[in-house]
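Please open the model in your viewer and keep the sequence panel beside it, so that each selection can be followed in both places.

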Amino acid sequence: MCNRIYLVYLLLISLLSGIAHSDDDIKETRWVFDKISERDLLGKHNTYTVNHLNMIYNKSILNIGNKRLIITNDFLENKNICSMEYVKLKKSTLSYFMSAKTVNMYSMLFKYENIQFPEDVYEITSLFPGKECPVPYDAIVKAGSNLFVTDQDYVVFYKQSNVITSQDNTLYLNNNWGKYCHNRNVESQFDGTSEYICIFDNMGINESYQEVISFDENASGKLSKILPNDNNSYKTDGSSVDYKWIDNDRLKILVVMDSETTSYYFNKNNTGTNLHVLVEAQY
């Protein structure tokens, strides 16, 4: 009896493998981050969440080789997210999402993003049950010419790019979060708190501060363009900003808004300056 069950299991794996790779137009492809949807599935927009997701995913890459999917993200401390043998299964949108209401929500979101939402999609998941990639990559969908995953009801779009385009290079150069900073949260699922560690080699606090306001969109609109030499506090655009020098080598900056608090801790050492950024949001 056990042998018979094992043979049936092997047959199912063989059939799934055949379905996945007999007409596999994604093997030997590279998919890079394209964008975060401007609205979530409920039609709502939250600027902070969109900015947060952009920071999390803009250095993520999906490399699909022969029978294997490898996901990396240079923004995270551990950039190697997942490696798995995958299966690509064709499904109607209704059979995949299991709800006409959910299908309509995705259809409306895609329409708002000016992306065609097809009648059939492809699910990309592990060939072996129980060995899926962590969320949100446990549910990767190919819809038309895009791959996408869903995080916090926002859609993360990926585009095929076998070579790094000039646009990708510009994104990398302009977004120095990925150059200096790494997300300390192991899980990408956002729970209202974000924590980052930034390392500025061979820089003092003032130089590091100037780098931060040049690439941190949230900081550039709140923090002073010139770093105060002494303790200082002020209000701007509905926010309160407080600079507190602990000593010559340590600085704490606190930015408080109605639903969000961001703390910047600069610490100068022998090799440069480390920055700890803690963002706490309440929604």
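The tour below goes from the whole chain to one helix, then to some loops, a set of paired strands and two single residues.

**Before selecting anything**

This is a predicted model, in which local features need pLDDT of at least 70 and side-chain atom pairs count only at pLDDT 80 or more, while totals for chains, interfaces and linings use all residues. Residues are numbered from 1 along each chain as its sequence is written, and side-chain values use heavy atoms, with hydrogens and water left out.

**The whole chain**

Show the protein chain as a cartoon, and 8 helices and 15 strands make up its secondary structure; helices (H or I, at least four residues) and strands (E, at least two) are DSSP runs, numbered from the N terminus. Of the 283 residues in the chain, 44% are buried, where buried means under 20% relative accessible area, exposed over 50%, and partly exposed in between, with a 1.4 Å probe and protein chains only. With the surface turned on, you are looking at about 15,500 Å² of accessible area, 50% of which belongs to carbon and sulfur atoms; such areas come from the Shrake-Rupley method with a 1.4 Å probe, and for residues only the protein chains shown count as cover. Taking contacts (heavy atoms within 4.5 Å) between residues at least 6 apart in sequence, 56% join residues at least 24 apart.

**Helix H4 and its two faces**

Next select residues 100–112, which form helix H4: its 13 residues reach 18 Å from the first C-alpha to the last, close to the 18 Å expected at 1.5 Å a residue, the expected span being 1.5 Å times one less than the number of residues. Which residues of H4 are buried? They are Val-103, Tyr-106, Leu-109 and Phe-110. Turn the view to look down the axis of H4, where the buried residues fall within an arc of 125 degrees and therefore line one face of the helix; the arc is that of the directions from the helix axis to the C-beta atoms. The face turned away from this buried side carries the exposed residues Ala-100, Lys-101 and Lys-111.

Now add what covers the buried residues of H4, which includes helix H3 (93–97) and strands E6 (140–143), E7 (146–151) and E8 (154–160). At the start of H4, a side-chain oxygen of Ser-99 comes to within 3.3 Å of the backbone nitrogen of Lys-101.

**Three loop positions**

Moving just past the end of H4, select Asn-114, which takes a positive phi of about 60 degrees in the loop between H4 and E5. Asn-114 is not a glycine, and it counts as exposed at 71% relative accessibility.

Asn-202 also has a positive phi of about 60 degrees without being a glycine. Look for Asn-202 in the loop between strand E10 (193–201) and helix H7 (205–215), where it is exposed, with a relative accessible area of 70%.

For the third position, go to the loop between strand E5 (120–126) and E6, which holds Pro-136; the peptide bond leading from Val-135 to Pro-136 is cis, with omega near 0 degrees.

**Strand E15 and its partners**

Select residues 272–281, strand E15, in which 7 of the 10 residues are buried. E15 pairs with E10 in the antiparallel sense over 9 bridges, two strands being paired if DSSP finds at least two bridges between them. Strand E14 (residues 260–268) is likewise antiparallel to E15 and joined to it by 9 bridges, and these two form a hairpin with 3 residues between them. Centre on Val-279 in E15, which has Ser-194 opposite it and also Thr-262 opposite it.

**Two buried side chains**

Finish with Ser-126 in strand E5, which is buried, with a relative accessible area of 7%. What does its side chain reach at 2.8 Å? The partner is the backbone oxygen of Phe-128, and the backbone oxygen of Lys-131 lies 3.4 Å from a polar atom of the Ser-126 side chain. Leaving aside neighbours within four places in sequence, the residues in contact with Ser-126 include Met-84, Tyr-86 and Glu-132.

The last selection is Thr-49 in helix H2 (residues 47–57), buried with a relative accessible area of 7%. Beyond its neighbours within four places in sequence, Thr-49 is in contact with Gln-152 and Tyr-154.

Note on methods:
Polar contact = N/O pair within 3.5 Å; in protein donor to acceptor, adjacent residues only side chain to side chain.
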